[in-house]
Amino acid sequence: MSAPAVIGEFVQRARAASAEVHRVESVEEALARVAELRVGRGPVAAAGWGEETLAALSDRLGTEGLIRHRLRQHADAIGIGFTPASWGVAETGTVVIDSADINVRLASMLPELHAVLLPESRVVARMTDLCRALGAALSDAPGYLAMITGPSRTADVERVLTIGVHGPRELHILLQSGGGGAT
Amino acid sequence: MSYRRELRQALDDRFLGRVLSAFATSYRESREAAFAGEAGFEAAARRVAAVRGAALSRLEELVERFVERCEAAGARVHRAASAAEAREIIASIAREAKARRVVKSKSMTAEEIHLNPHLERAGLDVVETDLGEWILQQRREAPSHMVMPAIHLSRRQVAGLFTEHTGRVHDPDDIEGMVRTARAILRQAFLTADVGITGANFAVAETGTLGLLTNEGNGRLVTTLPRVHVALLGIEKVVADVGGALDLLHALPRSATGQTLTSYVTWITGPGPGRELHVVLLDGGRRRVARDEELADVLRCIRCGACANVCPVFRLVGGHRLGEVYVGPVGLVLSYCYHDRARAGVVARNCIGCLACKRGCPAGIDLPRLIKTVAHRVQRRRGRLVGRLVGSRVWLHRALRLAAAVQPLDQGQGLELPAVVPAAHRFRRLPLLSSRPLRERLAEPARAGPRVEPRGQRRRVVLFAGCLVDFVFPEQGEALYHLLRGTGTHVQFPEGQGCCGLPAAMMGQQEAARRAARANVDAICSTPWHRVVVLCASCGSFIRERYPELLAGDPARAALARRVAASVVDLSTLLLELGLDTNQDQARAQTPQGRPVAYHSPCHMRPRLAPEGLIHAAGHTYLRTADEDLCCGFGGSYSFEFPEISSELAGRKLEGVVESGAELLVTDCPGCVLQLRGTAAARGMPLRVLHMAELLACAVPR
């Protein structure tokens, strides 16, 4: 369980990196927030989820509103990508996403908005707290881990910070209080 | 174009100067915050140096381990002995994949081997996807900074390029609009590319993992959308384990731009199902560098660009004039290792020796020293006369006395160089040699005080004056005697002392520097002392940092040299030790005419002084100026070799001081005094430049 101070630092750091942080009580509430975020946007590409969550999401969004397969073909249409996160890191406001599934990569990179569900219990204080877990995850090939801190950004033109180059313009972290997350 | 003309052109580029200067200032603040202060930086740097050092000490073993794990994870590993081999390997991977389009995320190693032209000649459409690199690709230019490749371009130039590329007018002030356009163009490239090429920021031997840092997210798309991923990396990028990689991850973005972390960090072990991952491991001269004792440390570099960010010369002339592909201080060394050696040797002379890069390097590389090594290797024959004079005190002092006798009469304003001297050198007035050097003045019993040590004096110090104080500014030495009178300190001036040896070392004349070190250690140790006090920060730094090493092989002097080095102290620090700054009220009462005083912190002074107490003790008000610790541009022979840059550094510094409202500028080094006083005089600036010793001595009644 992560101490409240750690959660507080995570929220503050993530917001400092221009991520939006929403506190949610349950997976159900998280799905409701995704549905709200979807208003006025293209369908939700969901990847990295178990059948149960996908079914619940499909109930909320309708078949039109949810893309589960062949994300690449829908590259231009996807409005929101929705993925789970494995860990959060408070010192940098980072979410760590197991992205070995190529659809998780596409869902988190192609759309303008990426929403990620992170259980509070998965937030660690420092990056080095993840050392062993990362070592284990990366030993298991093929492995592809993404650490994401805020939205895509550049300062390549006159050092002016500009959001949303190749990846999402918005990163929404749905921080779920209480116990375990969804599958 | 000659190198000097390139420099002139860069100095005349107003935009470049403005943008680099703004970056230097904001970088310093954000890095400070990202590392949570100097202590945080130093701890991080110690870890990086340890991780990189350990990896390099068993490089072959870790490379083999990495290869084994990579292959076990399903990647194909290609070893390239040379840049040409690496280019050809990558071209043939693309051929086998029947590729037409290749997308790339930013890779300095790909720049190093000039990969793009080779792939283009092979008929491939190569698209850089990092925004800065894409812009440079359109302009056919090399990056001017390791992590901000297009920092030298203005929004106007970039907008012009977008307008030309799309046929649609782009407003220079709508940077977001340009970024949207780039997103659309490059998205299509990602979706239609057959091969993605990346570099790697590190490679983890334990797991066979590649680590990639980007802010834009192009690294993730390049490794996701095309079916084939080629990663090109130098063998030195390998680290033992994830823990080591995390230490690099902690330091890299913080050092690069002052960010705590880049938006994306991607860790890749092996290809996914139905995909190919090719790892191209480049030697390209790295094993040769690893065996080169004098240069091997450069392999510790993590390519953060911090050395450029803190370099005063980079701030003025940008990356294109400081290196070939790799730029900035480390670029001066890497260009020699991997590119045109002759050019690298010329460019490597453009190091002022201020040590800012050494202090700012998160991998603890002694860059100024490596740069000097490069310069000397290419131009071995320089500096023999300097070496001869520095190595022999008798001859040096004869030469100085002769010069003093034939020079023009001192008009009190310093020497304005005659018009026959090229204009670039006339930016400052040069001081004249004193007709009576310090050593003569001290020999007069009335001036030096009692030569017999009075009873009850607790502290004995030796004054090491250095050439500038001895022969040019003896009044600074006299000020020291005046100040220490009545403090219970007995000062001695051993006559066997000469030049500290730094100018010879700067010219690559190691033996001459050693001879000077030997003579000075003998002179200093001819009398007992508690402290060796210096008035010149550069002499102090040279004695402290180099004497132990220069005399390490001299059984009679090695221990003495270490003791001397450990006892060297600058005047201001000595005075703080003596508690001279504590009687502020008394000092203020004596000199009610307190004036606003700014301080210039000499590059070679360690630790940097907090000058406030002493300036108050002298009865004045201290004004902190923004670039107090930025180099004054002197750098000894540097100012004669690169007068344009030297004068620009001095001029900017002085303008800042005058703007602050200060009437006096005080420093702790006669070299800085020479540079700043001479430039202020030549420009007619209303500013007096003094050594701290002189300022303080004024406050102590005669």
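# Close-up views of chains A and B

**View 1. Helices H16 and H19 of chain B cross in the left-handed sense.** Everything shown here and in the other views comes from a predicted model. H16(B) covers residues 328-338 and H19(B) covers residues 367-378; their axes come within 9 Å and cross at roughly 40°. On the H16(B) side, look for B:Pro329, B:Val330, B:Leu332, B:Val333 and B:Tyr336, which meet B:Leu367, B:Leu370, B:Ile371 and B:Val374 from H19(B). Sort that contact by class and you get nine nonpolar residues, with no polar and no charged ones. As for confidence, chain B averages a pLDDT of 92, and 94% of its residues score at least 70.

**View 2. Four strands of chain B line up as an open, parallel sheet in the order S12-S11-S13-S14.** The edge strands are S12(B), residues 489-492, and S14(B), residues 568-570; each has a single partner strand, so one side of each is left without a neighbour in the sheet. Going from one strand to the next, the twist averages 35°. Further in, S11(B) (residues 459-464) and S13(B) (residues 531-534) pair in the parallel sense over four bridges. To find your place in that pairing, start from B:Val462, whose bridge partner in S13(B) is B:Val532. Helix H28 of chain B, residues 537-550, packs on this sheet, where H28(B) touches S11, S13 and S14 of chain B. The direction of H28(B) makes about 160° with that of S14(B).

**View 3. Domain 2 of chain B (393-576) sits in contact with domain 3 of chain B (581-699).** The domain assignment also gives a domain 1, spanning 3-286. The contact takes 33 residues from domain 2 of chain B and 32 residues from domain 3 of chain B. On the domain 2 side, helices H24 (466-472), H25 (474-484), H26 (502-506), H28 and H30 (571-577) of chain B each chip in at least two residues. H25(B) has the largest share of that side, with six residues. By class, the domain 2 side breaks down into 19 nonpolar, 10 polar and four charged residues.

**View 4. Strand S2 of chain B pairs in the parallel sense with S3(B) and with S4(B).** S2(B) takes in residues 101-104, and four bridges connect S2(B) with S3(B), residues 125-128. One marker for this pairing is B:Val102, whose bridge partner in S3(B) is B:Val126. The pairing of S2(B) with S4(B), residues 195-198, runs over three bridges. Here the residue to pick out is B:Val103, which has B:Gly196 in S4(B) as its bridge partner.

**View 5. Chain A has an open sheet of six parallel strands, ordered S1-S12-S7-S4-S2-S3.** At the edges stand S1(A) (20-24) and S3(A) (66-67); each has a single partner strand, so one side of each is left without a neighbour in the sheet. Within the sheet, S4(A) (residues 80-84) and S7(A) (residues 113-119) run parallel and are joined by five bridges. A handy landmark is A:Phe82, which stands opposite A:Ala115 in S7(A). Helix H2 of chain A, residues 27-38, lies across S1, S2 (44-46), S4, S7 and S12 (170-176) of chain A. H2(A) runs at about 160° to S12(A). Helix H4(A) also belongs in this view: H4(A) lies across S2, S4 and S7 of chain A and runs at about 130° to S4(A).

**View 6. Chains A and B meet through 38 residues from chain A and 50 residues from chain B.** On the chain A side, the elements giving two or more residues are helices H4 (102-109) and H5 (131-139) plus strands S9 (143-148) and S10 (153-154) of chain A. S9(A) gives the largest share of that side, six residues. The chain A side divides into 20 nonpolar, 13 polar and five charged residues. S9(A) also pairs with S9(B), residues 264-269, in the antiparallel sense over six bridges. To find that pairing, go to A:Ile148, whose bridge partner in S9(B) is B:Tyr264. For the complex, the predictor gives an ipTM of 0.97 and a pTM of 0.92.

Technical notes. Residues numbered from 1 in each chain as written. Chains lettered and ligands numbered in written order. Predicted model: local features only at pLDDT ≥ 70, side-chain atom pairs only at ≥ 80, totals over all residues. Axes fitted to C-alpha atoms, helices over the stretch in contact; angles between N-to-C directions. Left-handed = near helix turned anticlockwise from the far one by under 90°. Contact = placed C-beta atoms within 7 Å. Nonpolar A, V, L, I, M, F, W, Y, C, P; charged D, E, K, R; others polar. pLDDT = per-residue confidence, 0-100. Pairing = 2+ DSSP bridges. Domains from an automatic or database assignment.
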